[in-house]
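Here's a quick tour of the empty spaces in this structure, followed by a look at its salt bridges. Have the model open as you read.

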Amino acid sequence: MAKLKRDTVEPHEDYGFFGPGSVVWKVWSYPTAPTVGFQRSVVVEELDPPLVAAVHATQGIYQRSRTRYDRTLKYFAMVAFAGSRQVCKAADILVKVHSKAIGQLPYGGGTYDANDPASQLWIQLTGWHSILYAYEKYGPGKLTAQEEKEYWEACAVAAELQTCSPDDIPRSREGVREYFERMRPQLSASPIARQAMHHLLRTELVLPPVPRWARPASMVVAKAQRIATIATMPRWMREMAGIRQSRLLDVLIVPVMKTAFALAHLHPRVELGLLGMISPSTVAVVAPIKLHIPPRNKEVLTPAEARARHGYVKPAEAHHEFRARQAARVFGEGQVPSEQGLIESQEILGPLA
């Protein structure tokens with residue numbers, strides 16, 4: 001990525017839904033976002049029984065750890081930075097991807113559906129909270145009261161790209177805390193949840209292969225990120241999941257990571273190079289922002305304006321017939337669901353392997 005040149009970077013069509021000067025660009029463009037923040041979000045998410053059932057059934061995080069991380073991070077980065085047409089297209093195809101993740105809950109009875117609004121709300125809030133948490137712990141620090149208000153308003157805007165309702169997004173830190181407290185009795189560290197959480201904490205699985213002489217350094221980086229991510233998790237959550245780490249490590253890792261991230265943030269090309277190591281597909285999304293390449297149209301749209309302009313419906317209303325066919329295959333015929341959505345998504349979210 002050191003050879004990346006401005007004239008090889010494709011500008012976005014427009015500023016998407018936030019744009020320069022927004023608190024979203026401020027927080028999500030800091031190097032804590034694709035590293036500790038994103039890892040924390042995918043680890044914590046697994047405590048939700050319906051979500052981890054879907055994850056376990058598809059086996060994506062185990063069979064293709066690196067590409068799964070890459071594709072998921074790219075989607076979240078697109079929502080924050082990409083042009084409105086590209087984001088609408090990604091949000092639309094994601095509904096078809098998630099239509100594959102349906103089935104019977106392995107514990108307690110009932111069914112799961114990755115497109116269920118409650119599951120999508122959990123993913124949305126866990127992701128946005130984790131990105132902010134990592135930024136404040138290992139980055140520049142707390143947002144101002146006005147910035148924090150803007151951040152959660154922006155989270156509600158981004159929720160329009162999911163199947164959940166933006167009306168269900170809390171608009172304050174207190175509201176977010178209340179949401180997580182309401183969710184806490186529903187969370188479960190089942191065997192598959194513990195397996196997934198421990199697996200997702202293995203940062204080395206998303207790093208690229210390196211020569212033998214570089215492996216010690218690569219392992220140090222992976223270990224440092226693991227420690228930093230665990231340090232953001234509350235004690236009750238760690239105990240529930242059987243994740244062990246001393247309070248001393250929790251404290252010692254903070255200055256190390258704050259310094260490392262601050263140094264990386266001084267040089268946009270260094271940031272892009274590091275991003276390319278963990279998520280190659282995301283570089284094209286973030287590069288125009290890091291290299292200050294303006295979009296072809298300097299405008300910020302709302303999701304409703306973007307859908308009207310580009311011809312998309314709300315994700316909650318998308319692909320009902322396709323989703324019904326998937327449900328019939330799984331619940332009616334006892335077959336495995338079609339992978340059509342997953343295959344189609346490669347053009348937008350990147351390759352599966």
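## Ground rules

Let's start with the term we'll need for the charged pairs: a salt bridge here is a side-chain nitrogen of Lys or Arg within 4 Å of a carboxyl oxygen of Asp or Glu. Keep in mind, too, that this is a predicted model.

## Salt bridges across the chain

With that cut-off, the count comes to 17 salt bridges. One of them pairs the side chains of E344 and K96, 3.0 Å apart from N to O. E344 sits in helix α18 (residues 340–344) and K96 in helix α6, so this pair links distant parts of the chain, 248 residues apart. The two ends differ in how they meet the solvent probe: E344 is partly exposed at 32% relative accessible area, while K96 is buried at 11%.

K26 and E147 make another such contact, with an N to O distance of 2.7 Å. Here K26 belongs to helix α1 (residues 23–28) and E147 to helix α8 (residues 145–159), so the salt bridge ties together parts that are 121 residues apart in sequence. K26 counts as partly exposed, at 36% relative accessibility. E147, at 19%, falls on the buried side, because buried means under 20% relative accessible area.

Then there's E160 with R307, where the closest N and O atoms are 3.7 Å apart. E160 is in the loop between α8 and α9 (173–183), R307 is in helix α16 (residues 303–310), and 147 residues separate them. E160 is partly exposed at 24%, whereas R307 is buried at 9%. Elsewhere, salt bridges with shared partners join E136, K142, E148 and R173 into one network.

## The enclosed spaces

How many cavities of 30 Å³ or more does the structure hold? There are 5 of them, and the largest has about 60 Å³ of space.

R307 turns up again here, in the lining of that largest cavity, together with C88, A91, D92, L161, Y312, V313 and P315. Helix α6 (residues 84–98) gives the largest share of this lining, 3 residues. By class, the lining has 6 nonpolar and 2 charged residues, and no polar ones.

## The largest pocket

Now for the open spaces. The largest pocket has a volume of about 890 Å³. Its lining takes in 43 residues, and V55, I61, R68, T72 and H98 are the ones that lie nearest its centre.

Several elements supply at least two lining residues each, including α2 (33–45), α3 (49–58), α6, β2 (111–113) and α7 (117–138). The largest share, 7 residues, comes from α5. Sorted by class, this lining has 22 nonpolar, 12 polar and 9 charged residues.

## The second largest pocket

The second largest pocket holds about 650 Å³ of space. It is lined by 32 residues, and the closest to its centre are P31, T35, F261, L274 and I278.

Which element gives the most to this lining? That's α14, with 6 residues. Among the others that supply at least two residues each are α2, α5, α11 (215–231) and α13 (247–265). The class split for this lining is 25 nonpolar, 5 polar and 2 charged.

Definitions and conventions: Residues numbered from 1 in each chain as written. Predicted model: local features only at pLDDT ≥ 70, side-chain atom pairs only at ≥ 80, totals over all residues. Heavy atoms only, no water. 1 Å grid on protein atoms, 1.4 Å probe; cavity = no way out; pocket = protein on both sides within 12 Å on 5 of 7 lines; lining within 4 Å. Points joined across faces, edges and corners; volume = space filled by probe spheres on them. Helix = DSSP H or I, 4+ residues; strand = E, 2+ residues; numbered from the N terminus. Nonpolar A, V, L, I, M, F, W, Y, C, P; charged D, E, K, R; others polar. Buried < 20%, exposed > 50% of the residue type's maximum accessible area, 1.4 Å probe, protein only.
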